[in-house]
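Welcome, and please open your viewer. This tour suggests what to select at each stop and tells you what is there.

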Amino acid sequence: MPVYPLRRRKWFHLWSPLRRVLLTLPVVWIVVTIVFLLIHIVPGDPIVQMLGEGATASNVAALRHAYGFDAPLHTQYIRYWSGLIHGDMGQSLRLHDSVTHLVLQRYPYTLALTLTALLLGIGFSVPAGVWSAVHLNRWQDRTAGVLSLVGLSFPNFALGPILILIFSIQFGWTPVSGAGDGTATSFLAHLILPAITLGLGLSAILTRMVRTAMLEELSQDYIRTARAKGLPERQVVYRHALRNALIPILTIIGLQFGSLLAGAIVTETIFSWPGIGRLTLSAISNRDYALVQGCILAVGLTYVLINLLTDVAYTIANPRISSQ
C-alpha cells in the first residue's frame, strides 16, 4: 500500500508538463488560424494590390490560381495546414524564394537579439531589484528607482539613435548598423547597441517587479525565522526570499518577451539588423502577403513557446507547483 502514493506523485510530475503542452495546442491552432485569415481580411483584393491597378484580368487570374485563392476557403485552410506540417509556408512573390527559407535565414538574428536583450535585462534588473529591496527607502533604493524611471522614459525609437550618436559616431566604439562580416567578434560588436536598446526598457520594468516581489517576501514570517536562527543575510536574501519571489518575476519575463519581439521590429529598422522584424516591414511595403504571414506566424509561435517554457520554469523554481 505505501507504494501507491509514490507512484501517484511520480504520475503527477509526469502529467504536469504534458498537461501544459496539451493546453498549448489549442493556442497554436488559434494562432495559425488567425494568420491564415489575415490575408482574407485585408481590405481589397490582395492579388490586385500585389500586381498593381494596371494588371490585366488574365494576370490576376493566373496569380490567384498560383496562390490557390480560387479554391474554396476550407480547401485553402486545409492546404495551409498541410503545408505547415511539411514545413512549407508558401512562396514569396517579390523575392522569388520560399517563405520558410527566408524566415529561417532571418530568425536566428532576431532570436539572438531578443535573447541577448533578455539576458541583459535580467542581469541588470535582478541584482538592482534585490539591492533596492534590501536597502528600502535608502539612497540605494532611490538610485535604483531613478534609473528604472529613466529606462522607462526612453522608447526604442528615441534611445537607438542616441546610442548611435554617442557610442558609434562620437567615440567610434561600436559599428553603426548591420550584423558584421560573419565572424563572431564582428557579430557581437554589431549586437551590443541593438541589445542595449531593446533590453533597457525590460530591465526598468523587471527592476520594479523584482523590488516589489522581494519586499513582499522579506516581510514574511519565514524570513524572520531564518534570521532568528542566525543564517547569513546573503543566504536569507538569495536562497530563501529570492527563490520564492521568482514566480511573479518569471511571469513578467514571459509576458515581456512578446514585447521584445514587437520592439525588435523598430530596433532592427534603426540598426539595419537583418532579423524578422525588418523582413516583416519590407514584406508589408512590398505587399508580399505570403511573407507577411510567415513572419507573423514565426513570431506568434515563438511567443507561445516562450510562455510554455515559462510554465515549465515555474516547476523548477517551485516544485510544489508541479503537483497542482
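Begin at the second largest pocket of this predicted model, where the lining comprises 12 nonpolar, three polar and one charged residues. To find the spot, select Leu84, Met89, Leu297, Ala298 and Leu301, which lie nearest the centre of this pocket among its 16 lining residues. The space you are looking at amounts to about 260 Å³. Now colour H1, H4, H5 and H12, since each of these helices supplies at least two residues of the lining. Which helix gives the most to the lining here? Select H12: this helix gives the most, with five residues.

Next stop: the largest pocket. Keep Met89 selected and add Tyr67, Phe69, Tyr80 and Gly90; these five lie nearest the centre of the largest pocket, which is lined by 19 residues. Its volume is about 460 Å³. For the surrounding elements, show helix H1 (3–41), helix H3 (57–67), helix H4 (73–85), strand E1 (91–92) and helix H12 (289–317), each of which gives two or more residues to the lining. In this pocket H4 gives the most, with four residues. Colour the lining by class and you should find nine nonpolar, eight polar and two charged residues.

Now move on to H5. Select residues 99–134 for H5 and residues 233–270 for H10; the two helices pack at an angle of about 140°, with axes 9 Å apart. Turn the view until you can follow the crossing, which is right-handed. To see the contact, show side chains on both helices. On H5, pick residues including Leu113, Leu118, Ile122 and Val126, and on H10 pick residues including Leu242, Ile253, Phe257 and Leu260. The contact of H5 with H10 divides into 16 nonpolar, three polar and one charged residues; Glu268 of H10 is among the residues that meet H5.

For the last stop, hide H10 and bring up H6, residues 139–153. How do H5 and H6 lie relative to each other? Their axes come within 7 Å and cross at roughly 140°, so the two helices are oblique to each other. This time H5 makes a left-handed crossing. Select Ala128, Trp131 and Ser132 on H5, then Trp139, Gln140, Asp141 and Ala144 on H6, and you have the residues that make the contact. By class, the contact of H5 with H6 holds four nonpolar, two polar and one charged residues.

Conventions
Residues numbered from 1 in each chain as written. Predicted model: local features only at pLDDT ≥ 70, side-chain atom pairs only at ≥ 80, totals over all residues. Heavy atoms only, no water. Axes fitted to C-alpha atoms, helices over the stretch in contact; angles between N-to-C directions. Left-handed = near helix turned anticlockwise from the far one by under 90°. Contact = heavy atoms within 4.5 Å. Nonpolar A, V, L, I, M, F, W, Y, C, P; charged D, E, K, R; others polar. Parallel < 35°, antiparallel > 145°, perpendicular 65-115°, else oblique. 1 Å grid on protein atoms, 1.4 Å probe; cavity = no way out; pocket = protein on both sides within 12 Å on 5 of 7 lines; lining within 4 Å. Points joined across faces, edges and corners; volume = space filled by probe spheres on them.
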